[in-house]
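Reader: I would like a close look at one part of this protein, the sheet. Please tell me how its strands are ordered and paired, and what surrounds that in the chain as a whole.

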Amino acid sequence: MIIQRVPFDHPDAVKLNDEVQLEYSRRYGDEGDLTYLDPDMFRPPRGLYLIAYDERDRPVATGGWRTQDENDEGYADGDAELKRMYVVPQARGRGLARHVLGLLEEDARAAGRLRMVLETGDQQPEAIALYTSSGYAPCAKFGYYRTHESSLCFAKPLTGQ
């Protein structure tokens, strides 16, 4: 497995983002995640976007983080927000998401971020299991979906590790 830093608007990132949006749509019966994301949000040192490629150079997993600070959507100063964690169905069960998550946490910590936060939904039990087994705990809701009943928010301190 090769994991590369790529821009959020890289063609492979766009392809996998389209796939994850279809999955969100199937699970929630809507148009997918409408959170505004701009490629600049994932440019170091204010963020990072990763793609994992398999042995045949196919993109099979993604994930990124972006800087957040205190604002009217419920973020706190020093937050790094996890976005677009996704593994294609045929590559699941190999630990890719956990590996990408660890790399994103390391990078956000090195960038001086204080905690990693994420929003997922109640129809994503695999994501909930990954995050809770990786040290994330429920937290106050934040972000675009903070008022949606199906939204679940989690946080993990990046300091003191």
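Author: What follows takes the sheet in detail and then the whole chain. This is a predicted model, in which local features need pLDDT of at least 70 and side-chain atom pairs count only at pLDDT 80 or more, while totals for chains, interfaces and linings use all residues. Residues are numbered from 1 along each chain as its sequence is written, and side-chain values use heavy atoms, with hydrogens and water left out.

The protein chain has 3 helices and 7 strands (DSSP runs, numbered from the N terminus: helices are H or I of at least four residues, strands E of at least two). Along the sequence they follow the pattern β-α-β-β-β-α-β-α-β-β. An open sheet of 7 strands runs in the order β1-β2-β3-β4-β5-β7-β6, and its pairing is mixed; two strands pair if DSSP finds at least two bridges between them. At the edges lie β1 (2–5) and β6 (137–138), each paired on one side only. Strand β5 (residues 115–121) and strand β7 (residues 151–157) run antiparallel and are joined by 7 bridges. Thr-120 has Leu-152 in β7 as its bridge partner.

Now the chain around the sheet. The C-alpha trace spans about 40 × 35 × 30 Å along its principal axes. Of the 161 residues, 47% are buried (under 20% relative accessible area, with a 1.4 Å probe and protein chains only). Among contacts (heavy atoms within 4.5 Å) between residues at least 6 apart in sequence, 64% join residues at least 24 apart.

How values were computed: Buried means under 20% relative accessible area, exposed over 50%, partly exposed in between (1.4 Å probe, protein chains only).
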